[in-house]
Amino acid sequence: MAMAAWKRAGVCLTAAAVVVGLAGCQDGDDGGSKKKAGASGSEAQSRTEAAEVLQAAFKKTSEAKSSKIRMTIETSGTAAESGTMEMSGVQGWDPAVMDVTMKGSGFAAAGPGTPEQMRMIMLDGVMYVDMGAEQAADMDGKRWMKMDFKALADASGDPEVQKQMTGGLENMNQDPAQQLALLLESPSLKHVGPEKVDGAEAQHYKGTLSFKEMVDANTSFDLLSKEERDELIATAEKSGMKGYDTEIWVNEDDLPVKMVVGMTMAQGTMKMTSHFSDYGAKAEVEAPPAGETLDFMQMLKDLESLGAGSAA
């Protein structure tokens with residue numbers, strides 16, 4: 001029984017790690033751009049014009065508060081298991097809600113019995129993970145695992161864990177406006193030109209941020225002390241991380257319809273391609289019935305009472 005419970009915990013944490021990891025790459029500041037030194041007159045003019053468009057898109061996107069999302073995450077190399085993850089559904093911001101389905105090779109690491117696809121709901125700071133029919137058989141028919149990250153952080157009693165988990169929760173399900181804000185900080189921001197996205201005309205913009213520039217622009221890193229930030233930057237640079245290459249396509253309504261974020265390290269690469277649509281439509285997100293959910297925190301307490309070495 002204990003081993004089966006640990007397996008369920010692994011599945012939940014795998015799913016949560018994917019979402020938190022993705023969200024952590026989609027945070028920024030309030031949309032203001034800073035003038036960068038060293039650019040030529042024409043480059044500075046081009047950057048200024050691009051920034052004006054993206055600032056308008058930031059405002060429009062922030063006001064929309066919700067959208068449908070379709071995302072593909074591709075990883076390669078030894079830094080992570082090579083493969084592809086796909087996510088689709090609806091997300092809302094202000095307040096932050098999410099109802100998405102994920103599938104792909106990333107869940108294979110959680111072991112046998114993991115569903116081929118997994119639905120995840122986030123509401124009121126709590127994530128619910130659909131474990132699937134096979135896992136529900138070991139959970140008294142309860143197929144939803146409830147994960148309250150704030151409660152988990154508080155229970156750890158470790159300030160570092162609390163900062164990491166609380167920061168991850170704050171970054172979950174960030175709206176696309178935050179990626180626009182981050183791109184505005186790029187000293188290499190430029191307008192590529194018009195292109196069609198999903199059959200509609202859009203304007204293509206791109207830019208690159210070093211890891212240090214990303215940390216400086218990303219408000220979630222305010223949770224870290226200066227020493228912790230310096231250590232994080234040094235570790236990233238040592239790993240060979242080149243930074244973040246970001247591309248955004250904005251439609252005629254000043255709304256981003258596609259984003260591509262790429263990261264390159266010595267051990268491998270990750271590329272996230274997102275498509276957005278149906279901005280402003282109300283995100284109808286509801287928590288699963290209480291009778292169909294199992295609390296992750298309670299399961300950890302049960303594991304502790306059973307003992308980690310108990311046989312399945």
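Strands, as the word is used here, are DSSP runs of E with at least two residues, and they are numbered from the N terminus. By that numbering, Asp124 sits in the loop that joins strand S4 (117-123) to strand S5 (126-130). The model is a predicted one, and this loop is a convenient place to begin.

Most residues other than glycine have a negative phi. Asp124 is not a glycine, yet its phi is positive, at about 55°. The residue is exposed, because its relative accessible area of 70% is over the 50% that the term requires. Asp278 also has a positive phi of about 55° and is not a glycine. Its loop runs between strand S11 (268-277) and strand S12 (293-295). Asp278 has a relative accessible area of 44%, so it counts as partly exposed.

From these loops the reader can turn to the interior. The largest nonpolar core contains 53 residues. Leu54, Val129, Met145, Leu180, Leu189, Phe211 and Tyr244 are the ones with the most contacts inside it. Helix H2, which covers residues 41-64, contributes the most to this core, with 6 residues. Another core lies apart from it and has 9 residues, including Ile121, Leu123, Val126 and Val285.

Charged side chains come next. Side chains of opposite charge can pair when their charged atoms come close. How many salt bridges does the structure hold? There are 6 of them, and three are described here.

One of the salt bridges is formed by Asp198 and Arg70, whose closest N and O atoms are 3.8 Å apart. Asp198 is in the loop between strand S7 (190-197) and S8, while Arg70 belongs to strand S1 (residues 66-77), so the pair ties together parts that are 128 residues apart in sequence. Asp198 is exposed, with 56% relative accessible area, and Arg70 is partly exposed at 44%.

A salt bridge also joins the side chains of Lys103 and Glu86, at 3.9 Å from N to O. Here the link is between distant parts of the chain, with Lys103 in strand S3 (residues 97-104) and Glu86 in strand S2 (residues 83-92), 17 residues apart. Both ends of the pair are partly exposed: the relative accessible area is 38% for Lys103 and 36% for Glu86.

Where do Lys226 and Asp230 lie? Both are in helix H8 (residues 226-238), 4 residues apart, which is about one turn of the helix. Their side chains meet in a salt bridge, with 2.8 Å from N to O. Lys226 is exposed, at 57% relative accessible area, whereas Asp230 is partly exposed, at 39%.

Some charged residues gather with others of like charge. On the surface, a patch of negative charge brings together Glu201, Glu252, Asp253 and Asp254. Of these, Glu201 can be placed in strand S8 (residues 200-209). Glu201 has a relative accessibility of 47% and therefore counts as partly exposed. That value also fits its place in the patch, because patches are made of residues with over 30% relative accessible area and no salt bridge.

Technical notes:
Residues numbered from 1 in each chain as written. Predicted model: local features only at pLDDT ≥ 70, side-chain atom pairs only at ≥ 80, totals over all residues. Heavy atoms only, no water. Patch = residues over 30% accessible without salt bridge, like charges linked within 9 Å, V, L, I, M, F, W, Y side chains within 5 Å. Areas by Shrake-Rupley, 256 points an atom, 1.4 Å probe, with all protein chains shown as cover. Salt bridge = Lys/Arg side-chain N within 4 Å of Asp/Glu carboxyl O. Lys, Arg positive; Asp, Glu negative; His and termini not counted. Charge placed at Lys NZ, Arg CZ, Asp CG, Glu CD. Buried < 20%, exposed > 50% of the residue type's maximum accessible area, 1.4 Å probe, protein only. Core = buried A, V, L, I, M, F, W, Y, C linked by side-chain atoms within 4.5 Å.
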